[in-house]
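Dear colleague,

I am passing on the structure we spoke about, and you will find it directly below. After it I have set out what was found, starting with the charged side chains and then moving on to the ligand.

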Amino acid sequence: MTNDTFSKSFTQTKDSKVTQPEWSASEYEEGNEGQFQAACHAMESINAWNTRDKGYAADIGCGSGRLVEALARKGGWQVDAKDVSQSMIDAVIKRCEGLPVTASVCDASDLSLEKNKYALVSSCWMLHWLKNATNTLEQMVNALTPSGNLVLQWSCGQPRSEGFLLRDTLQEVFDRPKWIERLKSAPLAMYHHPIEEMSSLLESMGLEIVSTRENILISGGENIAGLKRSLRSAAFAAQTVVLGDDVDELIDESLYLLNARNALRISNTEIIARKPD
Ligand SMILES: C[S@@+](CC[C@H](N)C(=O)[O-])C[C@H]1O[C@@H](n2cnc3c(N)ncnc32)[C@H](O)[C@@H]1O
């Protein structure tokens, strides 16, 4: 993808002064099999494919819509899909033609979800991009029907006591003289939402925690080429926008330092919670 293609894909999100890049659906699709499988695993565990009373589901930060399609096609849900990226929403609309799916561009800070509508709300691999997740969680919880399930999967969910060496190490690379100016419009935006704090927050909003999982292995990063591809399309999406192919150099420097520090721990985390009847 060229710089020119990327530069057409900027959007300004509500809660940020920094110009955020749109995620590119085609780049993302190349490396997201692992994320999709992890989401399917969670759905399996709550029997989402076999729900008798098919109701409404909402998928927040839906990406290119693989889960949305599966929920509608295989699970029989009516799905409302939301993502901040127009490119992703275009991909969802194309993928889900003829299925009971609506898809709209919106920021997680302002989801416009109808209250008490959804028997299932999911958000997979998005929350770590939000500086403040509380308001988004509140909206998701309010949107659930009684006995509705909330499925959250996100990275960087390690307990607060473990710190955030991944981010601190990456920041060190981003601050190098070679990158600091070029990355002014694409700073490192990766946030720590510790699992125990997210659980307490959901409980304080009235949900019951059904299950939690830590350090979920996501397939796709086993070899270095696969890891770089998924970093480029996801963790370094903003930097890819401003650096173009030079992002590969930034990724190499980052991986080198992360390995040297033993800091390449992504801490993929899951909480499934339920609204009481
Ligand atoms: C790693 S992808 C995950 C996509 C999909 N849920 C999956 O599991 O494959 C993260 C998605 O979150 C979206 N996203 C990032 N920040 C967002 C925000 N503030 N509001 C809504 N969506 C956001 C991105 O556009 C991207 O599609």
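In this predicted model, R73 is exposed, its relative accessible area being 51%, and because the cut-off for calling a residue exposed is over 50%, R73 falls in that class. Its salt-bridge partner is E69, with the closest N and O atoms 3.1 Å apart. E69, by contrast, counts as buried, at 18% relative accessibility, since buried means under 20%. Both R73 and E69 belong to helix α4, which covers residues 66-73, and they are separated by four residues, or about one turn of the helix.

As general background, side chains of opposite charge can pair when their charged atoms come close. A search of the whole structure finds 19 salt bridges, and a few more of them may help you to find your way around.

One of them joins the side chains of K228 and D252, with N and O 2.7 Å apart. This pair links distant parts of the chain, as K228 sits in helix α10 (residues 224-235) and D252 in helix α12 (residues 247-261), 24 residues apart. K228 is partly exposed, at 27% relative accessible area, and D252 is also partly exposed, at 36%.

Another salt bridge is formed by the side chains of R167 and D168, where the N to O distance is 3.3 Å. R167 is partly exposed, with a relative accessible area of 27%, and D168 is partly exposed as well, with a value of 42%. Beyond such pairs, there is also a network of salt bridges that links R176, K178, E249 and E253.

Turning to the ligand, which residues come nearest to it? Of the 17 residues around the ligand, these are Y28, G61, D83, A108 and C124. The shell around the ligand divides into 11 nonpolar residues, four polar ones and two charged ones.

Three of these contacts can be described in atomic detail. A polar side-chain atom of D83 lies 2.6 Å from an oxygen atom of the ligand, while a backbone N or O atom of G61 is found 2.7 Å from a ligand nitrogen atom. For C124, a polar backbone atom is 2.8 Å from a nitrogen atom of the ligand. Taken alone, the ligand exposes 600 Å², and the protein buries 93% of that area.

With best wishes

Methods: Residues numbered from 1 in each chain as written. Predicted model: local features only at pLDDT ≥ 70, side-chain atom pairs only at ≥ 80, totals over all residues. Heavy atoms only, no water. Near = heavy atom within 4 Å. Polar contact = N/O pair within 3.5 Å; in protein donor to acceptor, adjacent residues only side chain to side chain. Areas by Shrake-Rupley, 256 points an atom, 1.4 Å probe, with all protein chains shown as cover. Nonpolar A, V, L, I, M, F, W, Y, C, P; charged D, E, K, R; others polar. Salt bridge = Lys/Arg side-chain N within 4 Å of Asp/Glu carboxyl O. Helix = DSSP H or I, 4+ residues; strand = E, 2+ residues; numbered from the N terminus. Buried < 20%, exposed > 50% of the residue type's maximum accessible area, 1.4 Å probe, protein only.
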